[in-house]
Amino acid sequence: MTAQLNPRGDVAVLVPAAGAGVRLGPGAPKALRRLGGEPLLTHAVRRVAAAPSVHSIVVAAPATEVAAVRELLAPVAEVTVVPGGATRQASVAAALAAVPAGPEIILVHDAARALTPAALVESVAAAVRAGAEAVIPVLPVVDTIKEVSADEVVLGTVDRAALRAVQTPQGFRRAVLTAAHAAAVDPLTDDAGLVEKQGVRVVCVPGSEYALKITRPFDLALAEYLLGSAPVAGQS
Ligand code: C5P
(Lines give C-alpha, C1' and ligand atoms only; values in the text may rest on other atoms or scores of the structure.)
Protein backbone atom coordinates (compact mmCIF):
# COMPACT_ATOMS: atom_id res chain seq x y z
CA MET A 1 0.00 0.00 0.00
CA THR A 2 1.28 3.48 -0.83
CA ALA A 3 2.12 5.33 2.38
CA GLN A 4 0.73 8.85 2.63
CA LEU A 5 3.38 11.38 3.60
CA ASN A 6 2.46 14.28 5.88
CA PRO A 7 1.79 17.50 3.90
CA ARG A 8 2.20 19.45 7.15
CA GLY A 9 5.40 17.60 8.09
CA ASP A 10 8.63 19.57 8.57
CA VAL A 11 11.10 16.87 7.47
CA ALA A 12 12.54 15.96 4.06
CA VAL A 13 14.56 12.74 3.87
CA LEU A 14 17.30 12.27 1.27
CA VAL A 15 18.13 8.65 0.44
CA PRO A 16 21.39 8.23 -1.48
CA ALA A 17 21.00 4.88 -3.25
CA ALA A 18 23.37 5.18 -6.21
CA GLY A 19 26.26 3.08 -4.92
CA ALA A 20 27.50 0.02 -6.80
CA GLY A 21 27.90 -2.17 -3.72
CA VAL A 22 31.22 -3.67 -4.77
CA ARG A 23 31.83 -5.04 -1.25
CA LEU A 24 28.61 -7.12 -1.50
CA GLY A 25 30.08 -9.03 -4.46
CA PRO A 26 28.93 -9.08 -8.10
CA GLY A 27 25.30 -8.21 -8.86
CA ALA A 28 22.81 -5.34 -9.08
CA PRO A 29 23.53 -1.89 -7.57
CA LYS A 30 23.49 -2.32 -3.79
CA ALA A 31 20.19 -0.55 -3.11
CA LEU A 32 18.47 -2.93 -5.52
CA ARG A 33 19.87 -6.14 -3.95
CA ARG A 34 17.11 -8.25 -2.46
CA LEU A 35 16.36 -8.81 1.20
CA GLY A 36 13.37 -11.06 1.89
CA GLY A 37 12.37 -10.79 -1.79
CA GLU A 38 12.38 -6.97 -1.95
CA PRO A 39 15.14 -4.48 -2.80
CA LEU A 40 16.99 -2.90 0.15
CA LEU A 41 15.75 0.50 -1.05
CA THR A 42 12.09 -0.59 -0.76
CA HIS A 43 12.62 -1.62 2.86
CA ALA A 44 14.42 1.64 3.65
CA VAL A 45 11.82 3.90 2.01
CA ARG A 46 8.90 2.02 3.60
CA ARG A 47 10.33 2.71 7.06
CA VAL A 48 11.12 6.36 6.33
CA ALA A 49 7.59 6.87 4.97
CA ALA A 50 6.13 5.45 8.20
CA ALA A 51 7.64 8.34 10.20
CA PRO A 52 4.83 10.82 10.89
CA SER A 53 6.95 14.00 10.45
CA VAL A 54 8.10 13.16 6.93
CA HIS A 55 6.85 15.61 4.30
CA SER A 56 8.95 14.46 1.35
CA ILE A 57 11.47 11.83 0.29
CA VAL A 58 14.12 12.28 -2.41
CA VAL A 59 16.02 9.21 -3.65
CA ALA A 60 19.29 9.45 -5.61
CA ALA A 61 19.28 6.36 -7.85
CA PRO A 62 21.97 4.94 -10.12
CA ALA A 63 21.78 7.09 -13.30
CA THR A 64 20.76 4.10 -15.45
CA GLU A 65 18.02 3.01 -13.01
CA VAL A 66 16.04 6.21 -12.45
CA ALA A 67 12.91 5.07 -14.31
CA ALA A 68 13.07 1.58 -12.76
CA VAL A 69 13.42 3.03 -9.25
CA ARG A 70 10.45 5.37 -9.81
CA GLU A 71 8.36 2.37 -10.82
CA LEU A 72 9.65 0.28 -7.93
CA LEU A 73 8.82 2.89 -5.29
CA ALA A 74 5.49 4.14 -6.69
CA PRO A 75 3.51 1.56 -4.66
CA VAL A 76 5.56 2.23 -1.51
CA ALA A 77 5.40 6.03 -1.07
CA GLU A 78 5.36 9.25 -3.04
CA VAL A 79 9.04 9.90 -3.74
CA THR A 80 11.11 12.10 -6.04
CA VAL A 81 13.85 10.16 -7.80
CA VAL A 82 16.94 11.91 -9.22
CA PRO A 83 20.12 10.51 -10.79
CA GLY A 84 22.93 10.12 -8.24
CA GLY A 85 26.58 11.00 -8.73
CA ALA A 86 30.01 9.37 -8.69
CA THR A 87 30.38 9.68 -4.91
CA ARG A 88 27.91 9.46 -2.03
CA GLN A 89 28.43 13.17 -1.43
CA ALA A 90 27.54 14.00 -5.05
CA SER A 91 24.42 11.83 -4.75
CA VAL A 92 23.36 13.66 -1.58
CA ALA A 93 23.96 17.04 -3.27
CA ALA A 94 21.78 15.98 -6.22
CA ALA A 95 18.98 14.90 -3.88
CA LEU A 96 19.30 18.07 -1.79
CA ALA A 97 18.84 20.20 -4.90
CA ALA A 98 15.49 18.48 -5.50
CA VAL A 99 13.95 19.07 -2.05
CA PRO A 100 10.75 21.13 -2.36
CA ALA A 101 10.24 24.39 -0.46
CA GLY A 102 8.80 23.86 3.00
CA PRO A 103 10.67 21.36 5.17
CA GLU A 104 13.28 23.04 7.37
CA ILE A 105 14.69 19.77 8.71
CA ILE A 106 16.67 17.59 6.29
CA LEU A 107 17.66 14.02 7.10
CA VAL A 108 20.21 12.09 5.07
CA HIS A 109 19.75 8.33 5.20
CA ASP A 110 21.63 5.49 3.47
CA ALA A 111 19.50 3.06 1.49
CA ALA A 112 21.94 0.43 2.76
CA ARG A 113 20.52 0.84 6.30
CA ALA A 114 17.37 -0.86 5.09
CA LEU A 115 15.95 -1.96 8.46
CA THR A 116 16.18 1.43 10.22
CA PRO A 117 12.93 1.88 12.15
CA ALA A 118 10.74 4.95 11.66
CA ALA A 119 11.21 5.65 15.39
CA LEU A 120 14.87 6.52 14.73
CA VAL A 121 13.87 8.88 11.91
CA GLU A 122 11.55 10.60 14.38
CA SER A 123 14.08 10.83 17.22
CA VAL A 124 16.75 12.41 14.97
CA ALA A 125 14.18 14.87 13.56
CA ALA A 126 12.96 15.69 17.08
CA ALA A 127 16.49 16.60 18.21
CA VAL A 128 16.85 19.03 15.28
CA ARG A 129 13.38 20.45 15.99
CA ALA A 130 14.43 20.96 19.62
CA GLY A 131 17.23 23.24 18.49
CA ALA A 132 20.28 21.23 17.38
CA GLU A 133 21.85 22.28 14.07
CA ALA A 134 23.16 18.79 13.32
CA VAL A 135 22.29 15.40 14.86
CA ILE A 136 23.77 11.93 14.41
CA PRO A 137 22.54 8.56 15.76
CA VAL A 138 25.36 6.62 17.41
CA LEU A 139 26.12 3.36 19.18
CA PRO A 140 28.94 2.67 21.63
CA VAL A 141 31.94 0.87 20.15
CA VAL A 142 32.19 -2.66 21.54
CA ASP A 143 35.53 -3.74 20.08
CA THR A 144 38.91 -2.48 21.22
CA ILE A 145 40.21 -0.21 18.46
CA LYS A 146 43.89 -0.03 17.47
CA GLU A 147 45.55 2.51 15.24
CA VAL A 148 47.90 0.70 12.83
CA SER A 149 50.55 1.63 10.28
CA ALA A 150 50.27 0.92 6.54
CA ASP A 151 52.11 -2.39 7.13
CA GLU A 152 49.68 -3.47 9.90
CA VAL A 153 51.88 -2.78 12.91
CA VAL A 154 50.08 -1.42 15.95
CA LEU A 155 50.79 2.24 16.68
CA GLY A 156 48.51 2.55 19.68
CA THR A 157 45.21 1.81 21.38
CA VAL A 158 42.41 4.36 21.15
CA ASP A 159 40.29 5.00 24.26
CA ARG A 160 37.08 3.17 23.40
CA ALA A 161 35.01 5.13 25.93
CA ALA A 162 35.34 8.23 23.76
CA LEU A 163 34.39 6.52 20.47
CA ARG A 164 30.99 6.10 18.81
CA ALA A 165 29.92 4.21 15.69
CA VAL A 166 27.86 6.56 13.56
CA GLN A 167 24.68 5.63 11.70
CA THR A 168 22.08 7.37 9.57
CA PRO A 169 19.68 9.13 9.31
CA GLN A 170 21.73 12.21 10.14
CA GLY A 171 19.62 15.34 10.67
CA PHE A 172 20.33 18.99 9.92
CA ARG A 173 18.72 22.38 9.82
CA ARG A 174 18.19 22.90 6.12
CA ALA A 175 20.39 26.01 5.84
CA VAL A 176 23.25 24.23 7.65
CA LEU A 177 23.30 21.26 5.28
CA THR A 178 22.92 23.45 2.19
CA ALA A 179 25.84 25.66 3.25
CA ALA A 180 28.04 22.66 4.08
CA HIS A 181 27.45 21.07 0.68
CA ALA A 182 28.07 24.38 -1.09
CA ALA A 183 31.42 24.67 0.70
CA ALA A 184 32.44 21.00 0.32
CA VAL A 185 35.80 20.31 -1.29
CA ASP A 186 36.92 16.72 -0.64
CA PRO A 187 34.30 13.96 -0.61
CA LEU A 188 33.62 12.65 2.90
CA THR A 189 31.75 9.50 3.91
CA ASP A 190 29.06 11.29 5.90
CA ASP A 191 27.25 14.60 5.98
CA ALA A 192 28.04 15.37 9.61
CA GLY A 193 31.71 15.41 8.54
CA LEU A 194 30.91 18.24 6.14
CA VAL A 195 29.11 20.36 8.71
CA GLU A 196 31.86 19.70 11.30
CA LYS A 197 34.25 21.37 8.85
CA GLN A 198 31.97 24.44 8.99
CA GLY A 199 32.43 24.56 12.77
CA VAL A 200 28.85 23.44 13.44
CA ARG A 201 28.16 21.63 16.73
CA VAL A 202 27.01 18.07 16.00
CA VAL A 203 25.10 16.29 18.76
CA CYS A 204 24.51 12.56 19.27
CA VAL A 205 21.28 10.64 19.95
CA PRO A 206 21.04 6.90 20.63
CA GLY A 207 21.15 4.82 17.44
CA SER A 208 19.51 1.46 16.73
CA GLU A 209 21.00 -2.00 16.21
CA TYR A 210 18.50 -2.38 13.36
CA ALA A 211 20.11 0.54 11.53
CA LEU A 212 23.09 -1.63 10.63
CA LYS A 213 24.70 -0.83 7.29
CA ILE A 214 24.37 -3.68 4.82
CA THR A 215 27.79 -3.66 3.19
CA ARG A 216 29.19 -7.19 3.04
CA PRO A 217 27.55 -10.57 2.37
CA PHE A 218 27.54 -11.32 6.13
CA ASP A 219 25.50 -8.15 6.77
CA LEU A 220 22.93 -9.22 4.19
CA ALA A 221 22.62 -12.63 5.84
CA LEU A 222 22.22 -10.96 9.25
CA ALA A 223 19.55 -8.62 7.85
CA GLU A 224 17.65 -11.61 6.41
CA TYR A 225 17.66 -13.12 9.89
CA LEU A 226 16.52 -9.85 11.51
CA LEU A 227 13.82 -9.05 8.96
CA GLY A 228 11.09 -10.99 10.77
CA SER A 229 11.59 -9.07 14.01
CA ALA A 230 12.60 -5.67 12.57
CA PRO A 231 10.03 -3.01 13.45
CA VAL A 232 8.77 -0.73 10.66
CA ALA A 233 7.36 2.03 12.81
CA GLY A 234 7.98 0.89 16.37
CA GLN A 235 10.74 1.21 18.88
CA SER A 236 14.35 1.44 17.79
O1 C5P B 1 29.55 3.81 -0.32
P2 C5P B 1 28.78 3.39 0.88
O3 C5P B 1 28.59 1.92 0.96
O4 C5P B 1 29.24 4.02 2.14
O5 C5P B 1 27.32 3.95 0.57
C6 C5P B 1 26.45 4.49 1.51
C7 C5P B 1 25.18 4.92 0.78
O8 C5P B 1 25.50 5.90 -0.21
C9 C5P B 1 24.48 3.75 0.05
O10 C5P B 1 23.08 3.82 0.28
C11 C5P B 1 24.86 3.99 -1.41
O12 C5P B 1 23.88 3.52 -2.33
C13 C5P B 1 24.98 5.51 -1.47
N14 C5P B 1 25.86 5.97 -2.56
C15 C5P B 1 25.34 6.85 -3.52
N16 C5P B 1 26.14 7.26 -4.57
C17 C5P B 1 27.41 6.82 -4.69
C18 C5P B 1 27.96 5.94 -3.70
C19 C5P B 1 27.17 5.53 -2.63
O20 C5P B 1 24.18 7.23 -3.45
N21 C5P B 1 28.12 7.22 -5.73
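In the predicted model, the loop between β8 (145-148) and β9 (154-158) contains E152. The backbone of E152 has a phi near 65°, a positive value in a residue other than glycine. With a relative accessibility of 63%, E152 is classed as exposed, because the cut-off for that class is over 50%.

A further backbone feature occurs at P169, which is placed in the loop between β10 (164-166) and β11 (170-173). The peptide bond that joins T168 and P169 is cis, with omega at about 5°.

The ligand is surrounded by 15 residues, of which P16, A18, G19, S91 and K213 are the closest. Classified by residue type, this shell around the ligand comprises six nonpolar, four polar and five charged residues.

Contacts to the ligand involve both side-chain and backbone atoms of the protein. Two side chains approach oxygen atoms of the ligand: a polar side-chain atom of R23 lies 3.0 Å from one oxygen atom, and an N or O atom in the side chain of K30 is 3.1 Å from an oxygen atom. At G85, the contact is made by the backbone, with an N or O atom 3.0 Å from a nitrogen atom of the ligand. On its own, the ligand has 450 Å² of accessible area, and the protein covers 86% of this area.

Notes: Residues numbered from 1 in each chain as written. Predicted model: local features only at pLDDT ≥ 70, side-chain atom pairs only at ≥ 80, totals over all residues. Heavy atoms only, no water. Near = heavy atom within 4 Å. Polar contact = N/O pair within 3.5 Å; in protein donor to acceptor, adjacent residues only side chain to side chain. Areas by Shrake-Rupley, 256 points an atom, 1.4 Å probe, with all protein chains shown as cover. Nonpolar A, V, L, I, M, F, W, Y, C, P; charged D, E, K, R; others polar. Helix = DSSP H or I, 4+ residues; strand = E, 2+ residues; numbered from the N terminus. Buried < 20%, exposed > 50% of the residue type's maximum accessible area, 1.4 Å probe, protein only.
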